[in-house]
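Hi,

Here is the structure I promised to pass on. Have a look at it first, and then read my notes below.

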Amino acid sequence: MLARELETHCPEGFIPARLTVDLYQPVDNAAFDLRSTVVRRGSRITVADAALSQDGQQRVRATAVFLTTGTEPPGQLWSRDEPLPVPPQESAVPGGTPPLFKSGDRDWSEDFAANQNADRKIFWQNLPPLVAGEPITGFQRAAILGDSTNHVCHWGTEGAGYINADVTVALSRLPIGCELGLRADNTIASAGVSIGSATLYDR
């Protein structure tokens, strides 16, 4: 919902490049209030803040950075080049399908329990609309699945032992199509504090 609110401040010709959410209070399944403001609107960058409150108390806040697009600079750069697994059956119809899970070299599966192991995890999802009667946007899809980084990185033999305190989603472009994957890339933990990073991708 914070991504949806912030997206209203994205100027024409800009794309969402970063969303950071601080999750410092639980949000109840009840009515809430969303407020947002533009912090900076420039020719190349726009920054907006949003906050969600319940019962007069702020529960979570978020910041989005929107950038203009342009041509790539000249020259060659190193980049990671490895295949990103996708399920064989394409789901091109928006509206939501059950999530698929993949552990290590195992096949894709809808069986949540079968993936409780110490292997590298991948989620694959076609998300339903966030708000009834309103199509879900690519930015909203990325924000929702990006929030699952904690789970995909920390899902082990005893379940997921960490709770999100924050999440940051960085985008070089908006997702194409209605399906998205999230692959665990790294986890670094010490004394009960962990950082997980994952790659968000489409077909």
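Let me start at one particular pair: Ala189 has Ser194 in β11 as its bridge partner. Before going on, please keep in mind that this is a predicted model.

That pair belongs to a hairpin made by β10 and β11, with two residues between the strands. In the turn you'll find Ala191, which has a positive phi of about 50°. The two strands pair in the antiparallel sense over nine bridges. Another of their pairs is Ala184 with Ala198, the latter in β11.

Now zoom out to the sheet. The hairpin strands are part of an open sheet of four strands, in the order β5-β6-β10-β11, with antiparallel pairing. β5 (97-103) and β11 (193-201) are at the edges with a single partner strand each, so one side of each has no neighbour in the sheet. On average, neighbouring strands here are turned by 25° against each other, direction ignored. As a general reminder, the strands of a sheet pair through backbone hydrogen bonds, in either a parallel or an antiparallel way.

Going through the other pairings, β6 (residues 121-126) joins β5 in the antiparallel sense over five bridges. One spot to look at there is Ser103, which stands opposite Lys121 in β6. β6 also pairs with β10, again antiparallel and over five bridges. In that pairing, Ile122 sits opposite Arg183 in β10.

What lies across this sheet? Helix α2 (residues 138-146) lies across β6, β10 (179-190) and β11, and it runs at about 35° to β10. The helix is mostly covered, with eight of its nine residues buried. Among them are Phe139, Arg141 and Leu145.

Leu145 also turns up next to a residue I'd like you to check, Gln125: this residue is in strand β6, and it touches Leu145 as well as Pro99, Cys178, Glu179 and Leu180, leaving out residues up to four places away in sequence. Is Gln125 buried or exposed? Its relative accessibility is 17%, and the cut-off for buried is under 20%, so Gln125 counts as buried. For a sense of distance, Gln125 and Thr199 are 74 residues apart in sequence and 14 Å apart in space, C-alpha to C-alpha.

On to the cores. In soluble globular proteins, nonpolar side chains tend to be buried together. The largest nonpolar core in this model has 20 residues, and the ones that touch the most other members are Leu2, Leu6, Leu19, Val21, Ala62 and Phe66. At least two residues of this core come from each of α1 (2-7), β1 (14-23), β3 (45-54), β4 (57-68), α2 and β9 (166-170). β4 gives the most, with four residues.

Leu2 is a good place to start looking at this core. Apart from its neighbours within four places in sequence, Leu2 is in contact with Val21, Leu34, Ala50, Ala51, Leu52, Val60, Arg61 and Ala62.

There is also a second, separate core of nine residues, including Phe101, Phe123, Leu145 and Val152. Leu145 thus ties several of these notes together: it is a buried residue of α2, a contact of Gln125 and a member of that second core.

Cheers

Terms used. Residues numbered from 1 in each chain as written. Predicted model: local features only at pLDDT ≥ 70, side-chain atom pairs only at ≥ 80, totals over all residues. Heavy atoms only, no water. Pairing = 2+ DSSP bridges. Axes fitted to C-alpha atoms, helices over the stretch in contact; angles between N-to-C directions. Contact = heavy atoms within 4.5 Å. Core = buried A, V, L, I, M, F, W, Y, C linked by side-chain atoms within 4.5 Å. Buried < 20%, exposed > 50% of the residue type's maximum accessible area, 1.4 Å probe, protein only.
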